[in-house]
Amino acid sequence: MWMWVFMILPLLGIAYIAWHLWTLLPLASVWKVALILLLVGSFVMMFLNFGRRFDTLPLSVAQVCYEVSTSSIFIMLYLVILFLMLDLGRLVRLVPRSWLYQNGWTAAAILVLMVGVFLYGNIHYNNKVRVELSLPTEKLLPKDYRVVMLSDLHIGYHNPRKELARWLDLVNAEKPDFILIAGDIIDGSMRPVREERMAEEFLRLEAPVYACLGNHEYFSGSPEARQFYADAGIHLLVDETAIVDSCIAIVGRDDRMNRRRKPIKDLQSTIDHSQFSMVLDHQPYNLDRSEKAGVDFQLSGHTHRGQVWPISWITDHVYECSWGSYQRGKTRFYVTSGIGIWGGKFRIGTQSEYVVATIKGKR
């Protein structure tokens, strides 16, 4: 049922935009048809991406097709919102009918507005926000630990090796004791990851890296994704625990795409309770279970906080915590909006971020 909803809504949106463009633009019919076909073609290309059809194209061509097709979804969303506002304005007689019929000035104003909004969104996406986080604990630690936390890199066609290198330079500059990645390192296709040999970039990191799987690793093919983690020198934890300096336990959960993954209470029960426990769980569902299991801290991602407004309102409603710091009982959580992104490179009302945490314990 939900699949049909996600198919029908965009088609209705395209029809609504097409009707407005047809009545608004003072152009010959042939140019209007061409513009509407371009809109429809961009949307259809997105499904070619889902079907891995881009993998047969030259890499540079596939990258352009990916950007155009996935960006079109956000552009269409904002056009629908804008036209709805104008139609509402007409209903309450604030917007004259002449503004929406064969009006080049209105069309030019909409073009300038859309270019401005998405230019801002792209600039904002490329600005990676450094988030500081303090994690005090009553547990005994030999020193303060500096940890860089990431999620949702989505490397692939739209986040190539050059972009990944810039992000990892930011990580190395923090000089962390260790690094945590909460899944979705890979976007979807393994083809650009292999061809650009992106695993080599992770070998430049100057601290141990621990990570869990995300849903996109399953989309890309879990065996290939796991091999990539190994080639990149990343300690992949799939319902497993790694111990740092005998005092910090890092638990990596399998993604909830695997319905048979181990319950958090079973994983937590294997840990010495004198250790500070840190859980990596890509999707931030059932936070109450982590609290009941006695987890000290959990890092999640996945939500992107919707990437753009007003989708952020939806994620804020769907998840108990869709972004930022959160606490249940003695368990602290951080849900990161991610350093990378899926689809078009726009952040409107949200941010791309990496977290620099300091764990402070008793001596």
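**Exercise 1. In this predicted model, find which residue of strand 7 is the bridge partner of Thr 241, and describe the hairpin around the pair.**

Solution. Begin with the pair itself: the bridge partner of Thr 241 in strand 7 is Val 251. Next, look at the two strands as a whole, where strand 6 and strand 7 (residues 248-252) are paired in the antiparallel sense over 5 bridges. Finally, follow the chain through the turn of this hairpin, which has 3 residues between the strands, and note that Asp 245 takes a positive phi near 50° there.

**Exercise 2. Work out in what order the strands of the sheet that holds strand 6 are arranged, and which strands stand at its edges.**

Solution. The sheet is open, has 6 strands with mixed pairing, and follows the order 6-7-8-9-11-10. Strand 6 (240-244) and strand 10 (324-328) stand at the edges with a single partner strand each, and therefore one side of each has no neighbour in the sheet. On average, neighbouring strands of this sheet are turned by 20° against each other, direction ignored. Within the sheet, strand 8 (residues 276-280) and strand 9 (residues 297-300) are joined in the parallel sense over 3 bridges, and Leu 280 stands opposite Leu 299 of strand 9.

**Exercise 3. Describe the order of the sheet that contains strand 12, and state how strand 2 and strand 12 run.**

Solution. This is an open sheet of 6 strands, in the order 1-12-2-3-4-5 and with mixed pairing. Its edges are taken by strand 1 (128-140) and strand 5 (235-236), and because each has a single partner strand, one side of each is left without a neighbour in the sheet. Strand 2 (residues 145-150) and strand 12 (residues 352-362) run antiparallel and are joined by 5 bridges, while Met 149 stands opposite Val 355 in strand 12.

**Exercise 4. Locate the salt bridge of Asp 296 and say which parts of the chain are linked by it.**

Solution. The side chain of Asp 296 meets that of Lys 139 in a salt bridge, at 2.7 Å from N to O. The pair links distant parts of the chain, 157 residues apart, since Asp 296 lies in the loop between helix 11 (287-293) and strand 9, whereas Lys 139 belongs to strand 1. A search of the whole structure finds 20 salt bridges.

**Exercise 5. Determine which helix gives the most to the lining of the second largest pocket.**

Solution. The second largest pocket holds about 630 Å³ of space. Of the 21 residues that line this pocket, the closest to its centre are Leu 21, Leu 35, Ile 75, Leu 79 and Leu 111. At least two residues of the lining come from each of helix 1 (2-24), helix 2 (29-50), helix 3 and helix 4, and helix 3 gives the most, with 7 residues.

**Exercise 6. Identify the residues of the nonpolar surface patch that includes Val 92, and place Val 92 in the chain.**

Solution. The patch covers about 470 Å² and is made by Leu 88, Leu 91, Val 92 and Leu 94. Of these, Val 92 lies in the loop between helix 3 (59-91) and helix 4 (104-126).

**Exercise 7. Examine the backbone of the loop between strand 9 and helix 12 at His 304 and Pro 310.**

Solution. His 304, which is placed in this loop, has a positive phi of about 55° although it is not a glycine. Pro 310 is also found in the loop, which leads to helix 12 (311-318), and the peptide bond from Trp 309 to Pro 310 is cis, with omega near 10°.

Methods: Residues numbered from 1 in each chain as written. Predicted model: local features only at pLDDT ≥ 70, side-chain atom pairs only at ≥ 80, totals over all residues. Heavy atoms only, no water. Patch = residues over 30% accessible without salt bridge, like charges linked within 9 Å, V, L, I, M, F, W, Y side chains within 5 Å. Areas by Shrake-Rupley, 256 points an atom, 1.4 Å probe, with all protein chains shown as cover. Salt bridge = Lys/Arg side-chain N within 4 Å of Asp/Glu carboxyl O. Helix = DSSP H or I, 4+ residues; strand = E, 2+ residues; numbered from the N terminus. Pairing = 2+ DSSP bridges. Axes fitted to C-alpha atoms, helices over the stretch in contact; angles between N-to-C directions. 1 Å grid on protein atoms, 1.4 Å probe; cavity = no way out; pocket = protein on both sides within 12 Å on 5 of 7 lines; lining within 4 Å. Points joined across faces, edges and corners; volume = space filled by probe spheres on them.
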